[in-house]
Structure formats: C-alpha cells, structure tokens
Amino acid sequence: MRWIMSWYKKELTKQNFRLAGWLSVGYFIVLFLTIILGQIDLLTKANENPNDYHYYSDLMLHGGFIPAVLLFIMPTLAALVLFRYLHKQDASDFIHSLPSTRLTIYLHHIIFGVISLVLPLVLTFVSLLVVDQTLDHHHLLSITDITNWFHLSVSTALIVFSVSVFVAMLTGVTLIQLIFTYIFLFLPVGLTMLVVFNLNYALPGLAINYIIDDVIVHFSPLTDINRIFMVSSMDWSKVIIYYIVTAVILFISYFLYKKRPIESANQAIVFEALKPIFIYSFTFSFTLIGGMYSGAFGYSIPVLFLMYIIFSIIGYYISQMIVDKTWRVFGKVKQYGFFFLAMTLLTIGFSFDITGFVNHIPKIDEIEEAYVIDDQYSFYQREAYYGRQAGFSDVDDLEMIQSIHQKLIDSADRKAFLGYGRSIIIMYVLDDGSELVRQYTVDDEVYNIFAQYNLQHHPIYKTYTDPLFYITPSRANKIEIMSENYNYKSVSITDRAMIVELIQLLREDTLQLPKIEDQHDMLNYLTIHTPGEQEVYIDLTQEFHQTLAWLSEQDFAKEALILPDDILMIKVAPYNEELYYDAIEYEKAYDDNELLVYDDLASIEKIMQRLSISQEEPQRMLMIYLKELSSPIMRSVDDNFSLD
Amino acid sequence: MLEVKQLSKKFGKDVVVDIEHIKISRGTIYGLLGSNGAGKTTLLKMLSGIIKPTSGAITFEESPIYENRELKARVVFIPDQPFFFQHYSIKQLADFYREQYPSFDEARFLEFERIFKLDTKKKVHTFSKGMQRQVSFWLALSAQPDYLILDEPFDGLDAVVRKKIKNLIIRDVAERDMTVIISSHNLREVEDLCNYIGIIHKGKYVIDRDIDDLKTDVHKVQIAFKEIPDRLFKDFHVLHHETRGSVHMYIVKGELEDIKQSITLSNPILCDILPLTLEEIFVYEMEGIGYAMDHVLV
C-alpha cells in the first residue's frame with residue numbers, strides 16, 4: 001500500500017481529470033438518459049400492462065443507437081485527449097522532463113483512461129440493478145441480462161481504447177491517431193476483402209468461403225457490431241478474448257512508448273522503420289481499392305490495369321504526404337519504382353497462374369470425397385451446426401464431378417465474379433485431409449450445362465443438401481402434417497418412436513423420388529420440429545410411397561391428408577397471369593360455360609392423381625373446392641397435365 | 001559533476017549533436033553558446049533526460065540521467081517557451097511541482113510571491129510573456145534543483161526582469177552550490193553571469209573555456225620596432241598577428257608578467273598592452289582554431 005501511495009501521483013491524476021474527466025461525466029449522463037431512464041420508463045409501463053414490454057435480452061437494444069455508437073467514440077476520444085501531450089512538442093518535453101519514469105506516466109494515463117470509461121458503465125450497471133430490483137415486478141429483465149450488457153460494453157470500450165492508445169504511440173499527430181484508430185479497427189476485414197476481391201480477377205475459381213468471412217468479421221469489434229445488437233446468447237469466450245487482447249495491446253503500447261523518440265511529436269509516423277512499411281502498405285491498399293472501384297463499375301480488364309496504376313499513384317503520394325506532412329512530395333519516385341516493379345511481378349505471377357491454381361483438378365486417386373454445392377450458405381450453416389455429411393466418393397461420381405469442374409474451368413471468365421450469376425462450389429477432400437475448394441460464378445448458359453448432369457437427383461447430393469438428412473431423428477419432438485388452405489386438416493405426431501420411424505421412411509422416400517417433373521403434387525406438407533433448431537419442411541408428393549403407406553397404416557391419412565373424399569368439386573379455367581391466384585377474380589372473369597367443373601368422385605380422383613408439379617409455362621388454373629370451405633385452393637398446371 | 005562522453009544524436013539521417021567530451025563541475029554557471037540550429041536545444045534536452053541520445057553517455061555524479069527518477073528530481077529544465085498546463089493557476093502549478101519534486105520548498109515559494117508580486121490564483125495563460133517566464137523561474141527555483149538547465153532564458157525579456165532573474169540564479173549558486181547551464185546565441189547576454197563558456201557549432205563542440213582564466217590569460221599587444229626581432233613571442237601562443245604600417249598588433253596567450261618581460265627584452269620603440277573584451281577573446285581564440293566567430297554566433 002505504501003508503495004502504491006509513493007508511486008501514485010495525485011496531481012497527475014488531477015491533470016488527467018481536468019483533461020478527460022468531462023468525457024466520463026458526459027458519457028454517464030448519456031447512458032443515464034438513454035439506458036437507465038429508458039428502462040425505468042419501460043418497466044413502469046410494463047407494471048401497468050406487462051404486454052407492453054418488449055423483451056430483448058440485449059439491453060443495448062433498449063438504449064437504442066446512441067450507447068452502441070458511443071462504445072466506439074468515447075474510448076477513442078479518451079485516448080485522444082489523454083495522449084495529446086505526446087503530439088505536442090512543448091507538452092511532451094515538459095512531461096518527460098519531470099522526475100517520473102515513462103512507466104509511471106503511462107500507467108497514470110492508462111489507468112485513468114480505463115477508469116473514465118468503465119466508471120460510467122459501472123454506475124449504469126449498478127443503477128440498472130437498483131431499477132431492476134425496485135421496478136421490475138414481473139421479472140422481465142434478469143440480472144444475467146444486465147451483467148451481459150455490462151461485460152459486452154466494457155470489453156468493447158476497452159479494446160477500442162487500447163487500439164487508439166496503440167496508434168497514439170505510432171504517430172505524432174492527433175488527427176492521424178483519430179483516423180487510424182478506425183482504420184486499424186476496420187483493417188482485418190477491409191484488407192481481406194480487398195485482397196480476395198482483387199485475387200478473383202487473377203484466379204477464376206477462387207472460393208470466398210463463408211466461414212472465412214465469418215471468422216474475420218470477429219477480429220474487430222467494429223465489424224463485429226452485430227454482436228452488440230443481435231446477441232441472443234452471450235459469447236463469453238469472445239468477451240474474455242477482448243479483455244486479454246486489450247491487455248496485450250496496452251502492454252505492447254508501453255514498449256512502443258519506451259522506444260518512442262520524444263522529439264518526434266508532430267511527425268506523422270514517429271518510428272523511422274515504420275515509414276517505408278506505411279508507404280508500401282498504404283499504396284498497396286489503394287491499388288486494391290482501384291481494383292474494387294473498377295469492379296464496381298464493371299470496367300474491362302485493360303481499364304482495370306489503368307485503375308490499378310492510377311490508384312497506386314494516388315495512394316503512393318497520399319502516403320508520402322502523410323509521412324512528410326507536405327504537398328511537395330512529387331519528386332519522390334524511387335519507392336514507387338520499387339512498388340511498381342514488385343506489383344508487376346506479382347500481377348504477372350498471378351495472371352500466368354504460376355502455381356497452377358486455376359487449372360488444377362485433383363486426380364481421382366487423390367480424392368477422398370467431393371461435393372458440388374450450389375447453395376453454399378445453407379451448406380456451410382448446416383455443416384457448422386450438424387457436422388458434415390458424406391460426399392461423393394464413387395469413382396464414376398468423381399469422374400462426373402471432374403468433368404463438371406473441367407467444364408466450369410473452360411467457361412470461367414475473369415470478370416464473372418462481378419456479375420449476379422449463380423455460384424457453384426466444387427469442394428474436394430483430399431487423401432491428406434486437406435480441402436481444395438473452387439467457386440465459380442456462372443451465368444444461365446453455363447448453369448444449364450451444369451444442370452444437365454442432374455446432380456439434384458443423386459442420392460449423395462440429396463443427403464448433403466437436404467436438411468432432412470442432417471437432423472438427429474431421436475431429438476425431434478414433433479412432426480406436423482398439415483394441409484393447405486388454413487390447415488383444413490392437420491395432425492401432430494409427438495410419439496418419439498413414431499417420429500423416428502417416420503423420419504426414416506421420409507429419408508428412404510426422398511432418396512428414391514423421381515425427377516421433380518415426374519412427381520405429383522398433393523395438397524399437404526409436413527414439418528419436423530427439433531427443439532432449438534430450424535424446422536425441416538417437406539412438400540409431400542404422391543411419390544412418398546412408404547410415408548403415405550405408413551400414414552394409412554397408422555390411421556393418420558384421413559385426419560392429415562386432403563383426399564378426394566374431401567373435395568367438393570374442381571373447376572378448371574384457362575390460366576391468366578393478370579388474375580394472379582385470386583379465386584374471386586377467376587370466378588368473375590369466366591362464367592360457368594367457360595369453366596370445366598368436375599364434381600364426381602371418379603373425376604376428382606383422376607385429376608388429383610395427375611396433379612403434376614408445374615415446371616413449364618402454366619396453361620390452366622385448377623380451383624379445388626374443399627367441402628365446407630368457400631374459398632378454393634388454386635393450382636396452376638402446365639401442358640403435362642391432361643384431363644383425358 | 002556533470003559529464004558528457006562521446007555523445008551523438010541523429011534525427012533521421014542528420015547528425016544534430018556530436019560531442020566528444022564536456023565536464024561541468026558543481027556550482028558552475030555554464031554558458032552554452034551557438035547560433036540558431038547549432039544543436040543547443042537538443043543538447044539541453046538530452047542533458048535534462050527528455051530525449052534519448054543516439055549514442056554516448058550523460059552522467060550526473062556518475063549516474064545516467066535518462067529515465068532516472070531520483071536524479072531527475074534534482075534537475076529542472078526551463079525551455080525557451082515555458083510550458084504550463086492549460087488553465088492552471090500558479091497555485092495549482094505549485095501543487096503539481098510540489099508532488100513531482102520532493103525538495104520543493106514552501107518558504108521559498110512564499111518568498112518568491114513577495115518578489116514577483118503575481119496573483120497566485122490567476123491562470124498563468126492570462127499573464128504576459130515576461131510574467132510567464134518569471135513564473136517558470138519561480139516554480140523551478142522553489143523546487144531547489146541541484147542542476148538548473150535553461151534554454152534561451154533571457155530571449156525577449158526586458159532589462160529589469162533579466163536583472164531580477166540573474167540575481168535569483170546567482171543567489172542560488174552562491175547559497176546552494178547549484179549548477180546552471182544556460183544556452184544563448186548572444187555572448188554579451190550571458191558574459192556577466194557565466195564563469196564557463198562552451199561554444200557549439202553545427203552540433204560539434206568548438207571550444208570551452210573558463211572565463212576567469214581567459215580574461216587573465218589573453219592580451220592584446222600593440223608594438224612597434226625599428227627592426228622586428230626574430231624571437232618575439234616565440235615562447236607564447238600567438239592567436240593573432242596583424243601589421244598596420246610599422247605597428248604590429250599581437251593577441252598573445254600567457255601570463256602578463258612573462259609577456260611584459262619578453263617585450264622588454266625585444267626593445268620596442270612603442271608598446272601598449274590592452275585588456276580584451278570577452279567577445280574579442282573568443283573571436284581570436286576561434287580564429288586560432290579555424291572558425292570565424294560571426295559565422296558561429298549571431
């Protein structure tokens with residue numbers, strides 16, 4: 001304790017308070033007005049009528065936009081004000097002439113900064129607990145919610161503060177500290193995005209993996225802002241990582257402070273060694289921005305190169321101006337020369353594909369498994385949640401995939417990724433466990449080539465794309481079979497053994513389903529519910545033979561399915577696009593002479609059996625009237641449907 | 001004792017200070033002279049432990065100054081533009097100094113209040129430049145440093161304030177054996193105060209001399225002969241020699257009595273030994289080592 005007392009400088013803290021204290025006070029006032037008063041208001045209203053209370057586990061949502069934005073503004077301001085002395089020569093000289101070591105000075109500023117940010121949050125936290133205890137009669141808000149909000153806010157504020165302190169150590173200009181704090185926070189995502197975007201030009205087939213995207217976003221609280229608003233369950237590991245990273249950055253910043261030449265206040269970059277690094281990386285980023293700019297406007301490849309050159313020159317001179325703090329930098333060309341040379345070699349290297357990236361298709365005996373994915377988002381989501389299903393491994397299948405891949409390579413275009421085509425991913429799992437992933441953006445023409453392979457009917461494809469094959473049957477707790485039109489009929493199956501049995505049958509049927517155009521519609525669908533998971537939706541068709549047989553066996557058919565018995569009549573009208581699927585409009589547009597009406601059971605049965613799934617241009621509209629229901633089910637059918 | 005050895009400081013590729021050796025004993029008032037941009041401020045900031053030398057050593061009583069808390073508590077640096085925290089009054093600044101410098105003396109602080117007659121509750125930024133300078137001395141001397149380092153302390157001050165501050169410095173040197181280092185680009189400004197002078201030019205030390213020695217050591221001799229004797233001043237160090245008609249003017253280093261004796265032996269027609277101003281001494285001394293004074297000092 002005595003050691004601390006002798007070390008602690010009260011007057012230095014007072015000086016810090018005069019500099020930055022107002023920030024802390026202001027911050028608390030804003031938090032008080034938004035979050036605390038907001039909660040009081042909400043809870044008072046909720047006590048009058050509990051239904052008025054909109055529960056969000058994330059308190060940030062209650063406070064609105066302002067507290068969340070302040071999490072990124074206040075820490076930067078605090079760091080800016082507290083370390084301003086480093087950027088003013090006279091102040092810097094004075095502080096460092098005092099009989100205090102840099103460690104003492106640094107710790108006083110850091111500790112003050114941390115307290116000035118955390119204290120308003122602690123006060124808000126305590127106030128919220130009090131508000132919660134006194135006003136929350138219906139237990140709408142839990143202490144966990146408040147604690148989560150607190151840690152989320154503190155961890156975010158501290159990491160932003162530490163980044164800003166880190167930048168303050170590298171520069172001698174406060175404005176640059178401000179700008180580069182946010183650039184650094186955005187850097188992980190920004191740079192990756194730029195690099196990947198530009199590599200696409202050079203390497204058709206390059207895969208932008210959702211997972212990578214997902215991961216990088218979390219590298220900075222600025223790009224991870226979702227977390228602050230959308231958090232449904234608290235990710236403690238991330239909060240802890242933020243605390244640790246804060247400590248690490250502040251630790252590194254101390255060493256930078258010790259190394260920092262005091263005389264370089266006012267210089268844009270205080271460490272000589274950083275200057276060339278800054279110039280080259282800034283120029284490089286600008287060059288990549290040029291590529292993105294060109295891409296945004298869909299310019300041709302020669303214009304792309306022109307953009308690269310123009311943007312690199314702009315970036316180069318901006319960086320030189322920042323470093324030298326003068327306009328007169330246009331005489332400096334040597335470093336640009338090096339940059340241009342390096343970039344040219346790099347571009348040539350990538351364009352000529354010296355690593356053989358573009359044309360590489362692994363050999364059959366190297367491939368363990370292969371996947372063709374045309375809905376990557378769902379695929380990766382399911383994979384992340386359930387784990388991966390087996391892919392193609394048969395030699396015949398693999399040869400087919402290689403041939404698809406070859407066709408995609410042959411038709412690949414450097415600029416295709418800019419367009420809005422569909423995306424096809426080919427993923428090989430190789431013998432050594434590594435993955436080789438290629439992604440192609442294809443237009444309709446190429447997609448048709450792909451579609452000819454009829455991959456969608458392949459059982460393997462079905463197992464790794466259909467959610468039905470991912471769920472764990474024993475975890476499902478309900479299967480609902482429902483009919484169209486306001487649940488004319490519906491049945492819930494909750495018996496676990498039956499559920500497991502039914503899922504098994506559904507899987508078997510799904511694997512054996514014919515092509516979609518050979519299937520016949522029913523007016524029923526089915527959902528499988530698993531707690532905590534998205535429900536699985538299946539459109540039943542008449543080709544789900546085993547399932548339908550089972551439903552009859554278990555006496556569910558009559559309760560669950562719309563059968564010919566349930567149909568009063570079917571009216572058939574010519575299809576008219578302008579009438580949409582509106583029964584009343586059809587009734588108005590055609591009188592009974594123009595409509596074919598079938599009300600005998602035999603005809604109804606026949607029509608229902610032929611109810612194909614419309615793939616082509618619709619030709620006729622069927623209006624299916626159910627018994628005891630006035631509005632009909634509307635179904636359009638194409639040429640394949642015949643009444644004879 | 002303050003000692004500097006093989007000191008150099010680079011800003012980027014420019015060598016700003018490059019000094020082989022300086023030694024300053026306690027109780028010295030040391031004048032550091034040099035034109036603008038000679039490296040004075042950089043040297044003083046290194047001496048104060050503010051900036052780190054690129055290489056070399058600065059020691060106060062054998063310990064290095066950089067990041068040395070105990071030592072820095074005995075050193076006060078006043079820059080050419082005194083710095084004060086924004087919106088601080090003298091009283092608040094005194095609180096700050098009191099905490100930083102354990103030797104801060106309350107009685108002296110109050111005594112200075114009577115001398116300077118400034119309102120201690122007023123914000124320092126509302127004071128004139130001369131008053132602010134007085135405040136910086138007030139605070140610095142209240143801290144009772146063993147070493148006081150001053151960068152151009154008299155620049156732009158009127159004669160009254162200048163006199164007042166000089167007296168305060170001299171009193172502390174006399175009473176407490178304080179060591180003072182004063183930089184200036186003007187020799188006349190500091191010659192009545194300093195007892196030691198060092199001249200720095202383009203970062204290099206040109207010369208350093210004890211003023212008392214210089215004044216007794218260097219003499220201007222105007223002399224005329226019928227015939228110039230060969231051995232005139234052969235045993236002395238002649239800094240300068242010029243001839244106007246038959247009259248020779250010598251600047252000679254040596255004991256006055258020895259010089260007189262030597263002259264008598266040479267049998268001149270006319271002889272006059274004159275005292276030199278400090279400025280003249282430096283002009284000739286530096287000429288002797290190949291520098292033109294007007295290039296080195298303004």
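# Cavities and helices, explained

Visitor: Which elements of chain B each supply at least two residues to the lining of the second largest cavity?

Guide: In this predicted model, the strands β1 (2-11), β2 (14-24) and β3 (29-33) of chain B, together with the helix α1 (40-47) of chain B, each supply at least two residues of that lining. The lining consists of B:L2, B:V4, B:I22, B:I24, B:Y30, B:L32, B:L43, B:L47, B:I181 and B:Y205, and the cavity has a volume of about 40 Å³.

Visitor: How do you know whether the residues of that lining are nonpolar, polar or charged?

Guide: Leu, Val, Ile and Tyr count as nonpolar, and the lining residues divide into 10 nonpolar, no polar and no charged.

Visitor: What makes up the lining of the largest cavity?

Guide: The lining residues are A:F94, B:F77, B:I78, B:P79, B:P82, B:F83, B:F84, B:Y97, B:S136 and B:A140, around about 80 Å³ of space. In chain B, β6 (75-78) and α5 (129-142) each supply at least two of the lining residues. Phe, Ile, Pro, Tyr and Ala count as nonpolar, whereas Ser is not among the residues listed as nonpolar or charged and therefore counts as polar, in agreement with a division into nine nonpolar, one polar and no charged.

Visitor: How many cavities of 30 Å³ or more does the structure hold?

Guide: The structure holds four cavities of that volume or more.

Visitor: Why is α4(A) called roughly antiparallel to α6(A)?

Guide: The axes of helix α4 (residues 65-82) and helix α6 (residues 102-135), both of chain A, come within 10 Å and cross at roughly 150 degrees. Angles over 145 degrees count as roughly antiparallel, and therefore α4(A) is described as roughly antiparallel to α6(A). The crossing in which α4(A) passes α6(A) is right-handed.

Visitor: How do you know what span to expect for helix α12 of chain A?

Guide: The expected span is 1.5 Å times one less than the number of residues, which for the 23 residues of α12 (residues 274-296) of chain A gives 33 Å. The helix reaches 32 Å from its first C-alpha to its last, close to that expected value. Just after α12(A), A:G298 takes a positive phi of about 65 degrees.

Methods:
Residues are numbered from 1 along each chain as its sequence is written. Chains are lettered from A and ligands numbered from 1 in the order in which they are written. This is a predicted model: local features need pLDDT of at least 70, side-chain atom pairs count only at pLDDT 80 or more; totals for chains, interfaces and linings use all residues. Side-chain values use heavy atoms; hydrogens and water are left out. Helices (H or I, at least four residues) and strands (E, at least two) are DSSP runs, numbered from the N terminus. On a 1 Å grid over the protein atoms alone, a cavity is a set of points where a 1.4 Å probe fits but cannot get out, and a pocket is an open set with protein on both sides within 12 Å along at least five of seven lines; lining residues have an atom within 4 Å of a point. Grid points are joined across faces, edges and corners, and a volume is the space filled by probe spheres set on the points. Axes are lines fitted to C-alpha atoms, for helices over the stretch in contact, and angles run from 0 to 180 degrees between N-to-C directions. Angles under 35 degrees count as roughly parallel, over 145 as roughly antiparallel, 65 to 115 as roughly perpendicular and the rest as oblique. A crossing is left-handed if the near helix is turned anticlockwise from the far one by less than a right angle, and right-handed if clockwise.
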